[in-house]
Amino acid sequence: MDTDTARSVLEANRRDGYTIPSATLYPFQWNWDSAFIAVGLAHADPAAAKREIRTLLDARWENGMVPQIAFWSDAEGYFPGPDEWRVGTDRTVHAAVETSGITQPPMVVPAARYVYEVTGDEAFRDSVLPDLRAYCEWWLRERSDDGELVWIRHPWATGMDDSPAWVGPLERFDPGEVSYVREDRKDDDLADQRPTDWDYDRYVALVRQGRELDWDEARLREASPFVVEDVLTNALFVRACESLAALSADASDESEATRWREQAETTRRALSDRRFDDERGLFVSYDLVADEPLPARSIAGLVPTLAGAPTPDQFDRMRETLDSFFDYDYAVPSYVGPEMDTDRYWRGPVWLNTNWLVERGLRRMGAETAAARVREDSLSLLEREGFREYFSPETGAGRGSDRFSWSAALSLAWDG
Ligand code: 2M8
């Protein structure tokens with residue numbers, strides 16, 4: 001793997017204390033992107049890795065939420081920018097910087113632990129622990145009905161924006177007339193690789209509902225047509241709680257360590273007891289508005305392996321399902337099933353970040369051969385196509401933007 005090029009991509013995308021995902025599509029700090037970037041930088045440039053996490057946590061809202069986007073620089077020409085989100089009435093009520101009004105999967109907590117384990121920097125650990133704790137507390141306080149599983153209220157918050165798993169709840173709601181100008185498809189070549197207008201109308205309508213209700217979680221829980229217990233978010237929440245427990249124990253805070261270890265166990269068990277689809281052989285998300293599961297063969301359903309959630313019987317079933325994901329030249333497609341589109345965003349292409357999560361998950365379950373396949377396919381895609389945003393599982397062709405940060409960063413982590 002070309003580590004010099006990977007480093008140069010990350011350096012070119014670096015801004016003041018953080019790294020943008022892509023210079024052509026995403027020119028601000030993104031939540032889980034920064035987490036994956038920090039994992040890669042932990043090896044190549046530990047000081048930059050620590051800064052990446054610190055800057056992201058500096059964007060945290062007063063209530064503990066770490067936002068999906070922190071607009072540290074001028075957002076003119078980006079849609080939806082701060083004028084659309086209007087976070088807080090005077091726009092700075094919630095945080096030190098303008099942000100979006102949603103979060104993303106809590107990868108920042110395991111990433112902070114990873115960076116700490118590589119660097120051993122206790123000052124870093126002590127600086128981030130209060131923010132990480134506030135974030136996990138926020139999930140439980142604002143985003144859980146039962147103290148077991150957590151929910152999200154926007155497809156963008158899942159990180160897997162146009163996954164076919166979200167079609168059910170999005171279909172049930174009429175966004176009405178939404179007028180806006182998309183900035184993400186100015187490059188015509190991307191039209192077939194980005195989410196459709198049908199999806200975008202609904203994304204924008206949900207943003208406008210959020211700002212009308214002033215991002216009040218209790219009111220949004222009642223009013224939002226999209227309230228989903230996403231299995232990937234919950235798996236990362238388990239990892240977040242485990243990571244918080246490990247960092248707290250390391251800082252000799254035994255009561256916090258016990259508390260988060262227990263929470264990890266509670267959420268892990270709820271995933272296993274309530275979110276495993278035996279017929280499909282993987283975990284499936286749940287629509288809390290319609291009160292029904294969202295059965296889809298999405299890669300999200302494999303990520304609970306990373307939380308150690310499947311029982312041995314469940315994992316035996318998952319091995320059969322894995323075959324349908326491995327039945328492509330390049331593993332692991334983000335979705336397999338009737339709505340698969342091997343070139344379009346989260347509807348089928350292979351992504352490096354979800355591959356990284358699944359590879360580590362399979363390893364946790366002892367499935368070394370399957371894990372090795374995921375790692376090898378990931379590295380050969382990068383070798384073939386460079387640091388593209390996503391790849392066709394059929395042909396391996398690179399898709400989306402080029403010089404994409406987490407692809408570069410994770411190649412360093414796989415190397416390190
Ligand atoms: C994509 O999502 C953004 C909105 O957050 C977009 O489509 O504009 C997703 O791939 C998401 O997972 C990722 O964090 C983000 C930035 O790379 O892009």
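**Exercise 1. Find what the ends of helix H14 reveal about its length, and then work out which side of the helix is buried.**

Step 1. Helix H14, residues 368-385, has 18 residues, and from its first C-alpha to its last it reaches 26 Å, close to the 26 Å expected at 1.5 Å a residue. The model used throughout these exercises is a predicted one.

Step 2. The buried residues of H14 are Ala370, Val374, Asp377, Ser378, Leu381 and Leu382. Because these residues cover an arc of only 130 degrees around the axis, they are on the same side of H14.

Step 3. Turned away from that buried side is a face of H14 that carries the exposed residues Glu368, Thr369 and Glu383, whereas the buried residues pack against H12, H13, strand S8 (390-391) and H15.

Step 4. Just after H14 comes Gly386, which takes a positive phi of about 85 degrees.

**Exercise 2. State which residues of helix H3 are buried, and decide how they are arranged around the axis.**

Step 1. The buried residues of H3 are Ala49, Lys50, Glu52, Ile53, Leu56 and Leu57. They cover an arc of only 155 degrees around the axis, and therefore they are on the same side of H3.

Step 2. The helix itself, residues 46-58, has 13 residues and reaches 18 Å between its first and last C-alpha, close to the 18 Å expected at 1.5 Å a residue.

Step 3. The partners against which the buried residues of H3 pack are strand S1 (29-30), helix H2 (31-44), strand S2 (69-70), helix H5 (108-119) and H6.

Step 4. One of those buried residues, Ile53, is also touched by Ala111, whose contacts, not counting residues up to four places away in sequence, are Ala35, Ala38, Val39 and Ile53.

**Exercise 3. Describe the largest nonpolar core, and name the helix with the largest share of it.**

Step 1. The largest nonpolar core has 126 residues, and those with the most contacts inside it are Ala38, Ala111, Ala235 and Ala409.

Step 2. Helix H10, residues 231-250, supplies the largest share of this core, namely 11 residues.

Step 3. As background, nonpolar side chains in soluble globular proteins tend to be buried together.

**Exercise 4. Compare the end-to-end distance of helix H8 with its expected span, and then identify what covers its buried residues.**

Step 1. Helix H8, residues 197-212, has 16 residues that should span 22 Å at 1.5 Å a residue, and this agrees with its end C-alpha atoms, which are 22 Å apart.

Step 2. In H8 the buried residues are Tyr200, Arg202, Tyr203, Ala205, Leu206, Val207 and Gly210, and what covers them includes helix H4 (82-85), H7 and helix H9 (217-223).

Step 3. Just after H8, Asp214 takes a positive phi of about 50 degrees.

**Exercise 5. Decide whether Ala165, Asp291 and Arg403 are buried, exposed or partly exposed, and locate each one.**

Step 1. Ala165 is found in the loop between helix H6 (122-142) and helix H7 (167-171), and because 29 C-beta neighbours are inside 10 Å, Ala165 counts as buried.

Step 2. Ala165 and Ala296 are 131 residues apart along the chain, yet their C-alpha atoms are separated by 5.4 Å. Not counting residues up to four places away in sequence, Ala165 touches Ser285, Leu294, Ala296, Ser298 and Ala300.

Step 3. Asp291, in the loop between strand S6 (285-287) and strand S7 (292-294), has 7 C-beta neighbours inside 10 Å and so counts as exposed. Although not a glycine, Asp291 has a positive phi of about 55 degrees.

Step 4. Arg403, in the loop between strand S9 (398-399) and helix H15 (405-415), counts as partly exposed because it has 19 C-beta neighbours inside 10 Å. Arg403 likewise has a positive phi, of about 50 degrees, although it is not a glycine.

**Exercise 6. Locate the cis peptide bonds that end at Pro80 and Val332.**

Step 1. The peptide bond from Phe79 to Pro80 is cis, with omega near -5 degrees, and Pro80 is in the loop between S2 and H4.

Step 2. Ala331 and Val332 are also joined by a cis peptide bond, with omega about 5 degrees, and Val332 is in the loop between helix H12 (312-326) and helix H13 (352-364).

Step 3. For context, most peptide bonds are trans.

**Exercise 7. List the residues around the ligand, and sort that shell by character.**

Step 1. Surrounding the ligand are Pro21, Tyr26, Trp30, Trp32, Asp33, Gln68, Trp156, Gly159, Asp161 and Asp184.

Step 2. The shell divides into five nonpolar, two polar and three charged residues.

Methods:
Residues numbered from 1 in each chain as written. Predicted model: local features only at pLDDT ≥ 70, side-chain atom pairs only at ≥ 80, totals over all residues. Helix = DSSP H or I, 4+ residues; strand = E, 2+ residues; numbered from the N terminus. Buried ≥ 20, exposed ≤ 12 C-beta atoms within 10 Å, placed from the backbone. Contact = placed C-beta atoms within 7 Å. Near = placed C-beta within 6 Å. Nonpolar A, V, L, I, M, F, W, Y, C, P; charged D, E, K, R; others polar. Expected span 1.5 Å × (residues − 1). Arc of directions from axis to C-beta. Core = buried A, V, L, I, M, F, W, Y, C linked by C-beta atoms within 7 Å.
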